[in-house]
Amino acid sequence: MADINRAIKGTADVLPNESYRWQYIEKVMLSTARLFGYREIRVPVFEHTEVFSRNVGDTTDVVQKEMYTFDDKGGRSITLRPELTAGVARSSIEHGLIYDALPEKVCYIGGCYRYEKPQAGRLREFHQFGMECIGASSPAADYEIIAAANQVLKTIGIEKISLEINSIGCPECRKEYQKALKSYFTDNIDDLCDTCKDRLNRNPMRILDCKSPVCSKLAKNAPKVIDFLCDDCKEHFEGVKSHLDSAGIKYTVNPQIVRGLDYYTRTVFEFVSGDIGAQSTVCGGGRYDGLIGQMGGKDTPALGFGMGIERLLLLLENQKTEIPPEPKCDLYIATMGNAAELKATEISSSLRFDGFEVQTDICSRGLKAQMKFADKIGAKFSMVLGDNELQNNKAVIKNMATGDTSEAALDNISDKLSSLINGMALDSLTDSVLNSK
Ligand code: ATP
Ligand code: MG
């Protein structure tokens with residue numbers, strides 16, 4: 001029987017002591033996207049199954065093995081999104097974004113669902129940040145989206161991550177390539193894993209993406225798509241590289257990158273790191289010029305990427321990347337007695353409207369327990385209110401880290417707290433300047 005007191009396998013809770021890291025990187029993601037002119041889009045968590053089965057590609061692992069598909073009570077086949085690009089493309093056709101002034105640049109953060117074998121960096125519910133640029137075919141667009149992913153990673157402080165790019169051509173030049181690939185793998189068919197034997201007829205390029213050691217060894221010597229590019233695709237790829245060079249973004253060309261989803265054309269790319277174990281790809285993306293036309297929209301070139309937030313967090317942890325500290329409670333007001341509790345309510349209410357984080361006792365605990373709690377939450381300052389303080393209309397504000405105290409009038413706590421907090425900020429600035437000398 002299912003243990004209903006445990007989260008479902010492959011899902012994870014983000015606990016209160018972890019959520020700040022999520023909020024921080026999500027903020028960097030959305031604000032960096034904004035610097036490139038990308039606005040957020042929010043699409044449903046589930047779609048008609050065909051949105052994914054027809055567009056992600058029915059020979060892909062995602063569609064063949066990983067989708068959460070079910071019939072709803074109205075008998076419709078529904079799928080929890082395994083990724084967001086197909087949903088964003090559906091939405092942009094439905095709402096005519098592809099007919100607006102192009103390019104339409106959108107970004108998103110959201111949960112994705114794939115029935116996979118859970119392990120570090122591989123979950124059944126995971127989260128992606130992504131960006132999609134709809135209606136731009138020039139290499140400058142490919143550059144822009146890669147640069148945005150790069151800037152997100154850099155701003156978060158990720159080091160030791162490399163960008164690998166490739167071009168998988170257009171449907172025209174890919175025909176010749178598929179032939180060459182098929183003949184190469186047919187010659188080596190006995191060494192292929194069972195899944196790849198099947199892929200050989202259905203979609204030989206998938207074999208290049210196979211994670212089994214034998215197949216990936218064979219894949220290393222396979223014909224390279226880059227040698228089969230038509231003139232237009234070659235020129236496009238050269239253009240992307242020139243832009244990256246111009247911005248000083250380092251990359252390597254990895255002919256083995258084909259990406260797991262069917263809809264890609266021309267540029268494909270990944271950001272990979274050796275610091276997250278077996279799941280080394282943090283971000284993957286590319287151009288998908290055929291997708292919107294194939295979905296019934298006007299032919300519209302487009303491209304995008306998806307970045308796995310859990311993998312990024314793993315990377316942050318493994319690289320010991322520091323992020324700005326989580327804000328702490330500005331003032332804890334401890335109280336003794338009913339009158340003090342009401343006064344604390346009055347003061348905290350006004351302080352919160354002034355923008356301070358304030359906590360008071362809401363568990364009717366004794367003073368000692370209240371102070372212990374203030375300590376535990378890392379409150380910057382504390383203040384005790386009792387009959388004396390109420391009578392004198394004054395209280396002592398204590399710096400919890402240094403023990404320094406100062407007196408403040410109860411009707412002037414906001415100004416006092418402001419100057420104390422500014423003083424603290426100044427002290428830590430001086431400290432960091434002194435330490436860096
Ligand atoms: P992989 O080869 O690792 O299975 P993928 O090619 O299936 O990745 P994409 O579909 O390109 O992945 O998704 C983009 C990003 O989303 C990945 O680079 C990764 O960071 C993240 N991602 C994909 N699947 C998972 C998962 N099951 N759990 C956590 N993150 C994932
Ligand atoms: Mg996968």
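An oxygen atom of ligand 1 lies 2.7 Å from an N or O atom in the side chain of arginine 114. On the side of glutamate 116, a nitrogen atom of the ligand is 2.6 Å from an N or O atom of that side chain. Threonine 281 contributes through its backbone, where an N or O atom is 3.1 Å from an oxygen atom of ligand 1. Taken alone, ligand 1 exposes 590 Å², and the protein buries 92% of that; such areas come from the Shrake-Rupley method with a 1.4 Å probe, and for residues only the protein chains shown count as cover.

The model is predicted: local features need pLDDT of at least 70 and side-chain atom pairs count only at pLDDT 80 or more, while totals for chains, interfaces and linings use all residues. Residues are numbered from 1 along each chain as its sequence is written, chains are lettered from A and ligands numbered from 1 in the order in which they are written, and side-chain values use heavy atoms, with hydrogens and water left out.

**The shell around ligand 1**

In total, 15 residues surround ligand 1, and the closest are Arg114, Glu116, Leu123, Lys211 and Arg259; a residue is near a molecule or strand if one of its heavy atoms lies within 4 Å of it. By class, the shell holds 4 nonpolar, 5 polar and 6 charged residues. In this classification Ala, Val, Leu, Ile, Met, Phe, Trp, Tyr, Cys and Pro are nonpolar, Asp, Glu, Lys and Arg are charged, and the others, Gly among them, are polar. Strand 10 supplies the largest share of the shell, 3 residues.

Threonine 281 also takes part in a contact within the protein: its side chain makes a polar contact with the side chain of glutamate 270, at 3.4 Å. A polar contact is a pair of N or O atoms within 3.5 Å; within protein, one must be able to donate a hydrogen and the other to accept it, and residues adjacent in sequence count only if both atoms are side-chain atoms. Glutamate 270 belongs to strand 9 (residues 265-272); helices (H or I, at least four residues) and strands (E, at least two) are DSSP runs, numbered from the N terminus. Glutamate 270 counts as buried, at 11% relative accessibility. Buried means under 20% relative accessible area, exposed over 50%, and partly exposed in between (1.4 Å probe, protein chains only).

**Aromatic rings**

The whole structure contains 9 aromatic pairs. In one of them, phenylalanine 269 and phenylalanine 271 meet edge-to-face, with 6.4 Å centre to centre and 85 degrees between the planes. Rings of Phe, Tyr and Trp (its six-membered ring) pair if their centres lie within 6.5 Å; planes under 30 degrees apart count as stacked, over 60 as edge-to-face and the rest as tilted. Both phenylalanine 269 and phenylalanine 271 are buried. Ring pairs link Phe129, Phe269, Phe271 and Phe305 into a cluster.

**Cysteines**

A disulfide is a covalent bond between the sulfur atoms of two cysteines. A search of the whole structure finds 0 disulfides, the criterion being a pair of cysteine sulfur atoms within 2.5 Å. The table sets out two cysteines whose closest partners are too far for a bond.

| Cysteine | Closest cysteine sulfur | Sulfur distance | Relative accessible area |
|---|---|---|---|
| Cysteine 210 | Cysteine 196 | 3.6 Å | 11%, buried |
| Cysteine 215 | Cysteine 193 | 3.7 Å | 0%, buried |

**Backbone geometry and further positions**

Most residues other than glycine have a negative phi, and most peptide bonds are trans. The peptide bond from leucine 102 to proline 103 is cis, with omega near 5 degrees. Proline 103 sits in the loop between helix 4 (85-94) and strand 5 (104-113).

Lysine 320 is not a glycine, yet has a positive phi of about 50 degrees. Its place is the loop between helix 11 (309-318) and strand 12 (331-335), and lysine 320 is exposed at 70% relative accessibility. Serine 364 likewise has a positive phi, near 50 degrees. This serine lies in the loop between strand 13 (358-360) and helix 13 (367-376) and is exposed at 66% relative accessibility.

Leucine 208 is found in the loop between helix 7 (194-202) and helix 8 (213-220), and is buried at 6% relative accessibility. Tyrosine 184, in helix 6 (residues 171-187), is buried with a relative accessible area of 17%.
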